[in-house]
Amino acid sequence: MNSEKSTQLLSLADHFSVLLSPTPRGARLARLLATDWMRDRDLPHRVSEAAEHLVAELATNAATHGRLAGRDFRLALLDRDATLRIEVTDTRGDDLPSRRVPAPDAESGRGLLLVEALADRWGVELGPVPRKTVWAELDLPPR
């Protein structure tokens, strides 16, 4: 009997969703799980590379700005209608993301500028209270 455990994602479903802790480790795991899911779907490199950056940024924002003790954030990936949609939901609906121009020497504050540059579309949806979902979409080439 083989007692080895596999961490490979086996489903090629058009939807992937997972709850993660709002920590740097949870944000890193979000990126790694998304990378595996996209690899299994055989997405074009350009799309998967942009999506990895988007997941990393949105998950880091959820772990940093959307963090409440004892409440996880959710990463969801959806492949539908020639679009890859990335959703990160946290429980800080009262703290909406806002794009701002950081000082040249600032060490943070460029995340949403990166999201805007990489995504074909992005936005925020509120609810149900106390949640918010920050989403980004990438157009997929015909398969």
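**Notebook: strands, salt bridges and a surface patch**

I began with the pairing of E3 and E5: the two strands run antiparallel and are joined by eight bridges. This is a predicted model. In this pair I found Leu84 opposite Leu138 of E5.

Next I looked at E5 from its other partner. Strand E4 (residues 121–126) also runs antiparallel to E5, with six bridges between them. Here Trp122 stands opposite Ala136. E4 and E5 make a hairpin, and five residues separate them. I checked the turn and noted Gly127, whose phi is positive at about 95 degrees.

How many of the eight residues of strand E5 are buried? I got seven, so strand E5 (residues 132–139) is largely enclosed by the rest of the structure.

I then turned to strand E1 (residues 15–20). Side chains in a regular strand alternate between the two faces of the sheet. E1 shows this: Phe16, Val18 and Leu20 point to one face and are buried. His15, Ser17 and Leu19 point to the other face and are not buried. E1 is joined to strand E2 (residues 73–80) by six bridges, and the two run antiparallel. Leu20 sits opposite Phe73 of E2.

Salt bridges came next. The count is 10. I looked up Arg41 and Asp79 and read 2.8 Å between their closest N and O atoms. Arg41 belongs to helix H1 (residues 24–41) and Asp79 to strand E2, so this salt bridge ties together parts that are 38 residues apart in sequence. Are the two residues buried or exposed? Both Arg41 and Asp79 are buried.

A second pair is Arg121 with Asp139, at 2.6 Å from N to O. It links strand E4 to strand E5, across 18 residues of sequence. Arg121 has a relative accessible area of 32%, so I logged it as partly exposed. Asp139, at 34%, is partly exposed as well. Both residues belong to a network of salt bridges that also includes Arg85, Glu87, Glu125 and Glu137.

The third pair I checked is Asp94 with Arg92, 3.0 Å from N to O. Asp94 is exposed, at 62% relative accessibility. Arg92 is partly exposed, at 21%.

Last, I looked at the surface. Which residues form the nonpolar patch? They are Leu96, Val124 and Leu126, with about 260 Å² of accessible area together. Leu96 lies in the loop between strand E3 (83–90) and helix H3 (111–118). Its relative accessibility is 44%, so I entered Leu96 as partly exposed.

Notes: Residues numbered from 1 in each chain as written. Predicted model: local features only at pLDDT ≥ 70, side-chain atom pairs only at ≥ 80, totals over all residues. Heavy atoms only, no water. Patch = residues over 30% accessible without salt bridge, like charges linked within 9 Å, V, L, I, M, F, W, Y side chains within 5 Å. Areas by Shrake-Rupley, 256 points an atom, 1.4 Å probe, with all protein chains shown as cover. Salt bridge = Lys/Arg side-chain N within 4 Å of Asp/Glu carboxyl O. Helix = DSSP H or I, 4+ residues; strand = E, 2+ residues; numbered from the N terminus. Buried < 20%, exposed > 50% of the residue type's maximum accessible area, 1.4 Å probe, protein only. Pairing = 2+ DSSP bridges.
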